[in-house]
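Keep the sequence and the model side by side while reading. The paragraphs below go from strand pairing to charged pairs and then to the chain as a whole.

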Amino acid sequence: MPNGSVPYYPARDWKTKVPKPLDDGVVRMHLNGDITISLYAINPETQRSKWVAIDADFDGALDSLFRLQWELKQDGVEAALEQSRRGGHLWIFGAEPLLASECRIYVYNLALRLGVPVKGGGLKEGIEVFPRQDKLDHGEYGNAIRAPLGVHRKTNRRYWFYEAEATPEGQLGYLERLTKLTEAELRTFIEGMSLPEAYRPVPLAPYTPPVSSSRYPEFRILDYVRTTRKDSRNWWARCPSCAAAGHDRTGDNLAIQVKDPRFYKCWAGCTKEEIRAALGQPIQRRAVV
């Protein structure tokens with residue numbers, strides 16, 4: 001999707017949704033600055049990730065990332081700190097693919113122990129941890145983050161890792177030399193821990209058929225969709241109109257206001273009329289006499 005002169009390279013075609021290959025040619029184009037790769041953490045077939053990225057772009061973001069990097073080092077985990085447009089990305093690389101749920105338990109507990117704010121759980125600002133989910137269903141991708149050493153599409157700049165020479169060769173050599181986190185080490189670190197309650201996935205809302213109390217009962221969107229997650233402001237669900245077209249596989253295009261669920265919006269642009277029609281509940285227009 002072009003923005004200025006630098007397009008992102010998504011994991012699937014924007015129109016057909018067919019997965020795209022990530023091969024050596026694509027990586028070379030990324031390093032050359034011709035495109036910028038969007039990385040998705042979780043393999044839905046194994047629920048594992050080869051890496052963890054901690055994204056921070058709030059006031060005091062770099063200080064928080066340096067603290068996390070130092071604390072990780074005390075565990076023997078070598079994390080690489082990458083510059084970014086408004087803060088930084090702290091990367092942990094696995095010696096093998098690691099369970100996403102266990103990676104999240106480790107980072108969330110570490111951050112909260114250090115007093116580093118974690119976005120969500122009532123906080124609007126804080127670090128964001130990739131992978132953003134414990135697991136994905138088949139065909140889902142989760143949330144993407146810009147791959148290291150690529151050109152940022154908004155600034156047209158390349159951002160480097162702090163502890164290496166600012167050349168592609170120096171950066172790649174630095175990353176290759178880093179000690180990678182093993183599954184055995186990770187499980188030792190999280191023994192007896194779980195994901196903090198405030199950050200656990202919200203269970204899917206059960207479907208309950210609406211009860212008609214009048215000729216024109218009040219329409220309640222939550223009676224017709226299953227929510228996938230919740231934050232401080234919104235429930236999130238798969239948009240029925242998008243779903244009818246085979247889109248919104250991640251199930252989070254539709255935002256439903258928590259304080260007043262009568263207000264909802266599809267972030268892909270579907271109108272309320274289209275959403276209601278997809279549900280078989282078209283908006284009733286009263287006849288004008």
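Two strands count as paired if DSSP finds at least two bridges between them. In this predicted model, strand β4 (residues 48-56) and strand β6 (residues 88-99) meet that condition, since they are joined in the antiparallel sense over 8 bridges. One point to locate on this pair is Ala53, whose bridge partner in β6 is Trp91.

Strand β6 also pairs with strand β5 (residues 80-83), again antiparallel, through 4 bridges. Here Gln83 has Gly88 of β6 as its bridge partner. The two strands β5 and β6 make up a hairpin, and 4 residues lie between them.

Further along the chain is an open sheet of 4 strands. Its order is β9-β10-β11-β12, and the pairing is antiparallel. Which strands are at the edges of this sheet? They are β9 (227-230) and β12 (264-266), each of which pairs on one side only. From one strand to the next, the twist averages 25 degrees. Within the sheet, strand β10 (residues 234-237) and strand β11 (residues 254-257) run antiparallel and are connected by 4 bridges. To find the register of this pair, look for Trp235, which has Ile256 in β11 as its bridge partner.

The next topic is charge. Side chains of opposite charge can pair when their charged atoms come close. The structure holds 9 salt bridges. One of them is formed by Arg86 and Asp57, with the closest N and O atoms 2.9 Å apart. Why does this pair tie together separate parts of the chain? Arg86 lies in the loop between β5 and β6, while Asp57 lies in the loop between β4 and α2 (61-74), so the salt bridge ties together parts that are 29 residues apart in sequence. The partners can also be described by their accessibility. Arg86 has a relative accessibility of 53% and therefore counts as exposed, whereas Asp57, at 31%, counts as partly exposed.

Another salt bridge links the side chains of Glu128 and Arg132, at 3.2 Å from N to O. Is Glu128 buried or exposed? Glu128 has a relative accessible area of 17%, so this residue is buried. The cut-off for buried is under 20% relative accessible area. Arg132, at 30% relative accessibility, counts as partly exposed.

A further example is found in helix α5 (residues 183-189). Glu183 and Arg187 both lie in this helix, 4 residues apart, which is about one turn of the helix. Their side chains meet in a salt bridge of 3.3 Å, N to O. Glu183 counts as buried because its relative accessibility is 16%, and Arg187, at 38%, counts as partly exposed. This pair belongs to a network: salt bridges that share partners join Arg48, Glu102, Glu183 and Arg187.

Now step back to the whole protein chain. How many helices and strands are there? The protein chain has 7 helices and 12 strands. Of its 289 residues, 43% are buried. Contacts can be sorted by sequence separation: among those between residues at least 6 apart in sequence, 61% join residues at least 24 apart. The protein chain exposes about 16400 Å², and carbon and sulfur atoms supply 50% of that area.

Technical notes. Residues are numbered from 1 along each chain as its sequence is written. This is a predicted model: local features need pLDDT of at least 70, side-chain atom pairs count only at pLDDT 80 or more; totals for chains, interfaces and linings use all residues. Side-chain values use heavy atoms; hydrogens and water are left out. Axes are lines fitted to C-alpha atoms, for helices over the stretch in contact, and angles run from 0 to 180 degrees between N-to-C directions. A salt bridge is a side-chain nitrogen of Lys or Arg within 4 Å of a carboxyl oxygen of Asp or Glu. Buried means under 20% relative accessible area, exposed over 50%, partly exposed in between (1.4 Å probe, protein chains only). Contact means heavy atoms within 4.5 Å. Accessible areas come from the Shrake-Rupley method with a 1.4 Å probe; for residues, only the protein chains shown count as cover.
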